[in-house]
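Work through the following exercises with the sequence and the coordinates open. Each task is followed by a solution in steps.

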Amino acid sequence: MLKNNPLILKILQFHNEIEDNLIFHKKCQNILKEMVTLDFISDVFEANLLNNIFLNKKWTSFDIPHLSIYTNNDIDIKYHIFLPHKSKNIKLASYLIHHHTEYILSSYIYYGDGYNTIEFDKKIKTNSDGTFKMKINKDFFHAYNEINILDSWSPHIIFNVAKTTATLVLWSKENSHALDVKKRENYYPENGKLKMIDEEKFII
């Protein structure tokens, strides 16, 4: 989708020229802010409505509602839409603690207030009883017009939004292995400790 758009071509150029993925993401920040104009969003919306993969997608509870902008073997660009929970409780997590394996993520909030998020240290301690312990690195509100870069293998959690919020996300991976959802690690609290669960055990 939109593979010949000048903004997409510029991101691809940066990706080919810059070896360090974190530097690549920082370099793309101004471009991401150009990709949320009404004309650009309209083009993306139309492209998705004309794409059979999108129209025939079988959505699961794992999926964040999204529109695809561009994807290849190395990068993926989407609009994500976060909807308020019916309880209106923003202190509830919208998903489990998880990481994105070898993928680095840039997330730009271009609509709505934003959401609270917690990022944990990559070093996860395994307790003697098989549970886990994590150290919090960052606990902050990811607000409107801000871009946050999340490093690969970094466990994190986001909380429910108060109002509909939309983000533009850019993913890039550190090596040639495709993203395997099944190997992504997810954690949930129980009796003051963290336990791991495979996604296939709770996704519907």
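**Exercise 1.** Decide whether Gly192 is buried or exposed, and place Gly192 in the chain.

*Solution.* Step 1: the relative accessibility of Gly192 is 81%. Step 2: the cut-off for exposed is over 50%, so Gly192 counts as exposed. Step 3: Gly192 sits in the loop that links strand S12 (186-190) with strand S13 (193-197). Step 4: Lys138 is 54 residues away from Gly192 in sequence, and the C-alpha to C-alpha distance between the two is 20 Å. The model behind these values is predicted.

**Exercise 2.** State how confident the predictor is in the protein, and find a stretch where pLDDT stays under 50.

*Solution.* Step 1: the mean pLDDT is 91. Step 2: 94% of the residues reach 70 or more. Step 3: over residues 176-182 pLDDT stays under 50. Step 4: for residues 176-182 the model has 10 contacts beyond four places in sequence.

**Exercise 3.** Compare the radius of gyration with the value for a compact globule, then describe the overall dimensions.

*Solution.* Step 1: for 204 residues, a compact globule would have a radius of gyration near 17 Å. Step 2: the protein has 17 Å, so the two agree. Step 3: the C-alpha trace spans about 55 × 40 × 30 Å along its principal axes. Step 4: 43% of the 204 residues count as buried. Step 5: the accessible surface comes to about 11,800 Å², and carbon and sulfur atoms hold 53% of that area. Step 6: among contacts with a separation of 6 or more, 76% join residues 24 or more positions apart.

**Exercise 4.** Which residues have the most contacts inside the largest nonpolar core, and which elements supply the core?

*Solution.* Step 1: the secondary structure of the protein has 5 helices and 13 strands. Step 2: the largest nonpolar core has 26 residues, and those with the most contacts inside it are Ile11, Met35, Ile69, Ile77, Tyr79 and Leu168. Step 3: at least two residues of this core come from each of helix H1 (6-17), helix H3 (29-33), helix H4 (38-49), strand S1 (66-71), strand S2 (75-82), strand S4 (103-111) and strand S11 (165-173). Step 4: H1 gives the largest share, 5 residues. Step 5: another core, of 9 residues, lies apart from this one and includes Ile97, Ile118, Met134 and Phe159.

**Exercise 5.** Establish how S11 is covered and which strands pair with S11.

*Solution.* Step 1: 9 of the 9 residues of S11 are buried. Step 2: sort them by face; Thr165, Thr167, Val169, Trp171 and Lys173 are on one side, and Ala166, Leu168, Leu170 and Ser172 are on the other. Both faces are therefore covered, since buried means under 20% relative accessible area and the residues on both sides are all buried. Step 3: S2 pairs with S11 in the antiparallel sense over 8 bridges, and Val169 is the bridge partner of Lys78. Step 4: S4 and S11 also run antiparallel and are joined by 8 bridges, with Leu105 opposite Trp171.

**Exercise 6.** Classify His80 and Glu119 by burial and list their contacts beyond four places in sequence.

*Solution.* Step 1: His80 is in strand S2. Its relative accessible area is 8%, so His80 is buried. Step 2: His80 touches Ile64, Pro65, His66, Thr165, Ala166, Thr167, Val169 and Trp171. Step 3: Glu119 belongs to strand S5 (residues 114-120) and has 9% relative accessibility, so Glu119 counts as buried. Step 4: the contacts of Glu119 are Ile136, Asn137, Lys138, Phe140, Asn148, Leu150, Pro155 and His156. Step 5: Met134 is 15 residues from Glu119 along the chain, with 9.8 Å between the C-alpha atoms.

**Exercise 7.** Examine the phi angles of Lys88 and Thr101, and decide whether each residue is buried or exposed.

*Solution.* Step 1: most residues other than glycine have a negative phi. Step 2: phi is positive in Lys88, near 65°, and in Thr101, near 50°. Step 3: Lys88 lies in the loop between S2 and strand S3 (97-98), and Thr101 in the loop between S3 and S4. Step 4: Lys88 has a relative accessible area of 59% and is therefore exposed. Step 5: Thr101 has 0% relative accessibility and therefore counts as buried.

Terms used:
Residues numbered from 1 in each chain as written. Predicted model: local features only at pLDDT ≥ 70, side-chain atom pairs only at ≥ 80, totals over all residues. Heavy atoms only, no water. Core = buried A, V, L, I, M, F, W, Y, C linked by side-chain atoms within 4.5 Å. Buried < 20%, exposed > 50% of the residue type's maximum accessible area, 1.4 Å probe, protein only. Helix = DSSP H or I, 4+ residues; strand = E, 2+ residues; numbered from the N terminus. Pairing = 2+ DSSP bridges. pLDDT = per-residue confidence, 0-100. Contact = heavy atoms within 4.5 Å. Rg over C-alpha atoms; globule rule 2.2 N^0.38 Å. Areas by Shrake-Rupley, 256 points an atom, 1.4 Å probe, with all protein chains shown as cover.
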